[in-house]
Amino acid sequence: QVQLVQSGGGLVQSGGSLRLSCTASGSVSTIYAMAWYRQRPGKQRELVAALTRTGRTNYAGAVKGRFTISRDNAKNTAYLQMNSLKPEDTAVYYCATSSQMHRYEYDYWGQGTQVTVSS
């Protein structure tokens, strides 16, 4: 079992920056990848960025060049640095983890945090 606690988020003006954090506890040695998803109003949940334990990253096209995912292994914490935010980035953001056994299935989720970008 992995528990995820998110922090960060809030209200920011267009062009601004925010950083989200996600701290894992429990069976952290089983984590293969940590990822950030978001669910925009009226839309399905979508992958924003992912980072494997080997350092490989994957970004959604809409955020590439603006968002950066990183991980502090000593703190078991993943971050999502969001720069040049746009109103269309407004969403509830979730962190998630996959395991070594099921590398591409995100089965543990954070509680979600609201990010609102005003125009």
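This passage describes the salt bridges and one open sheet of a predicted model.

Salt bridges offer a friendly place to begin. Side chains of opposite charge can pair when their charged atoms come close. Across the whole structure, a search turns up four salt bridges. Five residues, R38, R40, E46, R66 and D89, are joined in a network of such contacts, and it is convenient to walk through this network from E46 outward.

E46 takes part in a salt bridge with R38, where the closest N and O atoms lie 2.8 Å apart. E46 also forms a salt bridge with R40, with 3.1 Å between the closest N and O atoms. The surroundings of these residues can be read from their accessibility. R38 has a relative accessibility of 3% and therefore counts as buried, given that buried means under 20%. E46, at 24% relative accessibility, counts as partly exposed, and R40 likewise counts as partly exposed at 24%. The bridge between R38 and E46 thus brings together a buried arginine and a partly exposed glutamate.

Turning to another pair in the network, the side chains of D89 and R66 meet in a salt bridge with an N to O distance of 2.7 Å. D89 sits in the loop between strand 8 (77–82) and strand 9 (91–99), while R66 sits in the loop between strand 6 (57–59) and strand 7 (67–72), so this pair ties together parts that are 23 residues apart in sequence. Both partners are buried: the relative accessible area is 1% for D89 and 11% for R66.

The loops that hold D89 and R66 lead on to the sheet, since strand 8 borders the loop of D89 and strand 7 borders the loop of R66. Four strands make up an open sheet in the order 1-3-8-7, with antiparallel pairing. Strand 1 (2–8) and strand 7 stand at the edges with a single partner strand each, so one side of each has no neighbour in the sheet. From one strand to the next, the twist averages 20°.

Within this sheet, strand 7 and strand 8 pair in the antiparallel sense over six bridges. For a reader who wishes to locate this pairing at the level of residues, S70 has Y79 of strand 8 as its bridge partner. Strand 7, an edge strand of the sheet, is thus joined to strand 8 by six bridges, and the salt bridge between D89 and R66 links the loops that adjoin these two strands.

Notes. Residues numbered from 1 in each chain as written. Predicted model: local features only at pLDDT ≥ 70, side-chain atom pairs only at ≥ 80, totals over all residues. Heavy atoms only, no water. Buried < 20%, exposed > 50% of the residue type's maximum accessible area, 1.4 Å probe, protein only. Pairing = 2+ DSSP bridges. Axes fitted to C-alpha atoms, helices over the stretch in contact; angles between N-to-C directions.
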